[in-house]
Structures are given as structure tokens and as C-alpha cells.
Amino acid sequence: MEIRILEDKNAVAKAFASHFANIVRDQLSFNVALSGGSTPKVIFDLLADKYADTIDWSMIHFYWGDERCVPPTDDQSNYKMTKVHLLSKIDIPKDNIHRVLGENTPREEAKRYSDLLRTHLRQEDGIPRFDLVILGMGDDGHTASIFPHEIDLWSDAKSCVVATHPESGQKRVSITGNIINAAEEVIFLVTGDNKAEKVKDIHTKAEGYKQYPASLVNPESGQLTWFLDKAAASQIYKIN
Ligand code: 6PG
């Protein structure tokens, strides 16, 4: 596991974009699960602005690690956020975009997306495997849409489950731990001082840290990198 601490969110965006461009170069096909929320916005903007013409987007397939159960036109939609900040600015075939249908019944969509992952991704030991899973982390230690109050969903045998946001009650479709930890590579993109305490708890294995789903990310491949800005890392890099 690698921790990369960058000056600020823009530096995280630059470092991630460069890493992403390197790992997709010369690939014949590349399946990546995207994170949602607000952190990716600046990262997707920079990826689109600086790499629109240097990355061969035709071999990249975008999926989502989680999606809110809202229509794709809703401001809460991770797909809409990605379309605004990335997809609308790059030349990528529509068939390469595999969105979670947030407008569907949550349980039916979790089943549909589980089946879609099984048919679209290579499988090893019966588990669909992404080339890359990008994750964010909430200030409560959740990742994808596996929240502490529903941490049992992490180890659900299904590839996708229906989760519930602890405050809003919003339903979400999320991939589970067996999909995340089967990925060839996992990258956390975490910025902001509101994440610093959980980053510290997880990276110092503080008492009770296992209650945070983000602490359970441990890909079999070993390729796990945390891209942090100094604000999110403020309680760990002073320690070292
Ligand atoms: C979502 C995300 C979620 C997100 C974290 C961090 O649908 O909200 O996938 O896991 O990555 O909540 O969100 P911010 O980037 O907004 O802090």
C-alpha cells in the first residue's frame, strides 16, 4: 500500500491524472469503476482538460462503484456529475459508459448491475475484476456507498447491494468488498481536512478503526494507493 501526499486538491488531480494516463497507455481494454461525490469533480475536469487528446478513450470502459437511486438528470446523480466534468468533454463511445440506472427500482438495479459486471468483466474465481477501482471516503469512513451503520454489506456475497445513506435515508446501489478487493488496482482520492481524523484512525489502526468500511479495502493484488492532499493527511504526515 502506498500513500502519496500532495500539496492540495489540484496537485492530487495532477498526480492522479498522470498516473491514470500511464496505466491505461497501450492497454487494449480497461475497465474502471468511478467514485462519486464532490472530490472527483476537479480531478475529472483536469483529466478532461489535459488528457482529452492523449488518452485513447475508445478502449476505456467506465462503470460506477456506487450510484444514488435518482434519475441521471438529478444533481445528486454521480453519473450526471461525471458527465458534466468528464464524459461531455472527451471522445468516448456511448457503449463504453455503463451507468447504474438510478431511476430503476434499487433492488432490481442492484441485481441488473451485478449481472452486468459478471458479463462485462473478466472473472477469476467467479468474481468480476476491474482493472481499476477509484474510491472516495466520507468523513464517517464510508467508501463507495458502504456506510458504517451497514458495514455487513461490505462482505455481502453479491457484487452489488442496495445501501441507505445514514442521514438522508437515500437509497444507493453499491459494489461490495469482494468486488473492490478483487480489482487489479484500487486508488483512494481523499482531500480536505474533514477527512483527516478518519485517515489517521485508519492508517494508524486506531482502536475501532475496523468499523470504517474504508479500512477494509485491501486488494488481493496489493496495488492500493491513497492520493491525499496535505489537509486530509494533516494528522498522519506530522507523525512520520
Ligand atoms: C458517493 C461516493 C462516496 C464519496 C464519499 C466522499 O456517491 O457519495 O461514491 O463514496 O466518494 O462520500 O464524498 P466527497 O468526495 O463528496 O467528500
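**Entry 1: Thr176**

I started at Thr176, which sits in the loop between β9 (171-175) and α5 (177-180). I'm working from a predicted model, so I keep that in mind for everything below. Is Thr176 buried or exposed? Its relative accessibility is 0%, so I put Thr176 down as buried. Next I looked up what touches Thr176, skipping its neighbours within four places in sequence. The contacts I found are Leu153, Trp154, Asp156, Lys158, Ser159 and Val161.

**Entry 2: the sheet with β9**

From the loop I stepped back into β9. I see an open sheet of three strands in the order β4-β9-β8, and the pairing is antiparallel. Which strands are at the edges? They are β4 (66-68) and β8 (160-164), and each of them pairs on one side only. I also looked up the turn between neighbouring strands of this sheet, and the average is 25°, ignoring direction.

A reminder to myself: strands of a sheet pair through backbone hydrogen bonds, either parallel or antiparallel.

I then went through the pairs. β8 and β9 are joined antiparallel over five bridges, while β4 and β9 pair in the antiparallel sense over three. On the β8 side, Val162 stands opposite Val173 of β9, and Thr164 stands opposite Lys171 of β9. On the β4 side, I found Glu67 with Val173 of β9 as its bridge partner. Val173 therefore turns up twice in my notes, once opposite Val162 and once with Glu67.

How many residues lie between β8 and β9 in their hairpin? I get six, and Gly169 in the turn has a positive phi of about 75°.

As for cover, β9 is mostly covered, with four of its five residues buried. I also noted helix α4 (residues 106-120), which lies across β8 and β9 and runs at about 145° to β8.

**Entry 3: around the ligand**

I moved on to the ligand, which has 14 residues around it. Which of them come nearest? Thr39, Asp66, His142, Ala144 and Lys195 do.

I looked up three distances to oxygen atoms of the ligand. Asp66 has a polar side-chain atom 2.6 Å from one. For Ala144 it is a backbone N or O atom, and the distance is 2.6 Å. Asn78 has a side-chain N or O atom 2.9 Å from a ligand oxygen.

**Entry 4: helix α2**

I checked the length of helix α2 (residues 40-51). Its 12 residues at 1.5 Å a residue should span 16 Å, and the end C-alpha atoms are 15 Å apart, so expectation and model agree.

Which residues of α2 are buried? My list has Pro40, Ile43, Phe44, Leu46, Leu47, Ala48 and Tyr51. An α-helix has 3.6 residues a turn, so residues three or four places apart point the same way. I then asked what these buried residues pack against. The answer is α1 (9-24), β2 (30-34), α3 (78-85) and β10 (186-190).

**Entry 5: strand β11**

I wanted to know how covered β11 (residues 224-229) is, and six of its six residues are buried. Leu224, Trp226 and Leu228 point one way from the strand, with Thr225, Phe227 and Asp229 pointing the other way.

Then I looked for the partners of β11. Strand β1 (residues 2-6) pairs with β11 in the parallel sense over five bridges, and there Arg4 has Phe227 as its bridge partner in β11. β10 also runs parallel to β11, joined by five bridges. In that pair, I found Val186 partnered with Leu224.

**Entry 6: Val199**

Last stop: Val199, in helix α6 (residues 196-203). I have it as buried, because its relative accessible area is 0%. What does Val199 contact, leaving aside its neighbours within four places in sequence? I wrote down Met137, Val190, Trp226, Leu228, Ala232 and Ile236. Trp226 and Leu228 were already in my β11 entry, where they point one way from the strand together with Leu224.

I also looked up a pair that is separated in sequence. Val199 and Gln235 are 36 residues apart along the chain, and their C-alpha atoms are 7.7 Å apart in space.

Conventions:
Residues numbered from 1 in each chain as written. Predicted model: local features only at pLDDT ≥ 70, side-chain atom pairs only at ≥ 80, totals over all residues. Heavy atoms only, no water. Helix = DSSP H or I, 4+ residues; strand = E, 2+ residues; numbered from the N terminus. Buried < 20%, exposed > 50% of the residue type's maximum accessible area, 1.4 Å probe, protein only. Contact = heavy atoms within 4.5 Å. Pairing = 2+ DSSP bridges. Axes fitted to C-alpha atoms, helices over the stretch in contact; angles between N-to-C directions. Expected span 1.5 Å × (residues − 1). Near = heavy atom within 4 Å. Polar contact = N/O pair within 3.5 Å; in protein donor to acceptor, adjacent residues only side chain to side chain.
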